[in-house]
Amino acid sequence: MSKHEVPRLKPETRAEPQMMEACQSGGCGGGAPAPRRAPPPVFSDVLVNGVTIDPEEIAQEIQHHPAADADAAWREAARALAVRELLLQRARALGLEATPERDEAGRQQVDEDALVSELLELEVVPDEPDSDECRRYYDANTGRFRTPDLFEASHILIEPDGDSPEAWSAAGVELRRISAEIGDDAAAFAAAAREFSACPSAQQDGSLGQVRRGELVPEVQAAIEALEPGSASRRPVRSRHGWHALRLARVIEGHILPFEAVEDKIADMLAARSWTMQAARYVSGLAGAAEVEGINIDIAELPA
């Protein structure tokens, strides 16, 4: 969380592994009408120093707080808006004026968002890590600063002429014949890729470039890593795209980056972590001095 954002819980996301986009080529049917949703539960009023948080605003905020049930989603949404109201009240008490900025997408902040940003900029001061602290973090987490292994590989893709077992079998037989003829020879593999491969990479002699783990479909990645540098696969490897013949040119082993190369990034990360913790404590302090009804704002429940 940057120092220009209001503290808010956000759902965790996980990136999908990239597939072989160069090799890639639903609808909604009818049915019974969707069951009617039960009306949302009725919750207590939420007040911050006598100011009521509009229930409709809480209902709209819920979309940003996925949860296991309606009660939990409502609590998270109400807490986020209560925190926002606390910050706005504090900013107005200090006589701050909004100076809207534009985000990375070029959108201009609304006045209240800008006012909160002004407040946090003024009153939340993170601890700046020194070089010794950065060094301690580096020594304790050297694995995080290792460059990935790179696999320089090529492939030949033979697509089946249809989805039948017979079509898949015929494509596999054809690729076995090609593999037997070219062996491990790099030039022969490149020529066969240009002539037979159904992948656009055929225009580059079948080259997949230097790929990292997770960039190819799992079965192809595993087969490449099982090869010795300079060798080609003898047995076709099947994926959802078709049958692959694979050749591994070389492996570029990853290495630990020196401390000097990552010190600035470590310092930025530690400063951001410090800011988040200080912001949580700051909000908790405001809540402790305020009259908050209908929702609990606890430092233990704020983002870490």
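The chain has an accessible surface of about 18,500 Å², and 49% of that belongs to carbon and sulfur atoms (areas by the Shrake-Rupley method, 1.4 Å probe; for residues, only the protein chains shown count as cover). The model is predicted, so local features need pLDDT of at least 70 and side-chain atom pairs pLDDT 80 or more, while totals for chains, interfaces and linings use all residues. Residues are numbered from 1 along each chain as its sequence is written, and side-chain values use heavy atoms, without hydrogens and water.

**Exercise 1.** Count the helices and strands in the chain, and give the buried share of its residues.

Step 1. The chain holds eight helices and eight strands (DSSP runs numbered from the N terminus: H or I of at least four residues, E of at least two).
Step 2. Of the 304 residues, 38% count as buried (under 20% relative accessible area; exposed is over 50%, partly exposed in between; 1.4 Å probe, protein chains only).

**Exercise 2.** Describe how helix 2 and helix 8 meet.

Step 1. Locate them: helix 2 covers residues 70–93 and helix 8 residues 259–288.
Step 2. Their axes come within 10 Å and cross at roughly 80° (axes are lines fitted to C-alpha atoms over the stretch in contact; angles run from 0 to 180 degrees between N-to-C directions).
Step 3. That makes helix 2 roughly perpendicular to helix 8 (65 to 115 degrees; under 35 is roughly parallel, over 145 roughly antiparallel, the rest oblique).
Step 4. Val83, Leu86, Leu87 and Arg90 of helix 2 meet Tyr282, Val283, Leu286 and Ala287 of helix 8 (contact: heavy atoms within 4.5 Å).

**Exercise 3.** Find the pairing partners of strand 7, including strand 3 and strand 6.

Step 1. Strand 3 (residues 150–158) pairs antiparallel with strand 7 (residues 242–252) over nine bridges (a pair needs at least two bridges found by DSSP).
Step 2. Glu152 stands opposite Arg250 in strand 7.
Step 3. Strand 6 (residues 237–239) also runs antiparallel to strand 7, joined by three bridges.
Step 4. Val237 stands opposite His244.
Step 5. Two residues lie between strand 6 and strand 7, which form a hairpin.
Step 6. Strand 5 (residues 231–232) pairs antiparallel with strand 7 over two bridges, with Ala232 opposite Arg247.

**Exercise 4.** Is Ala192 buried or exposed, and what does Ala192 touch?

Step 1. Ala192 lies in helix 6 (residues 186–196).
Step 2. Ala192 counts as buried, because its relative accessibility is 5%.
Step 3. Leaving out residues up to four places away in sequence, Ala192 touches Ile156, Ile178, Ile182 and Ser197.
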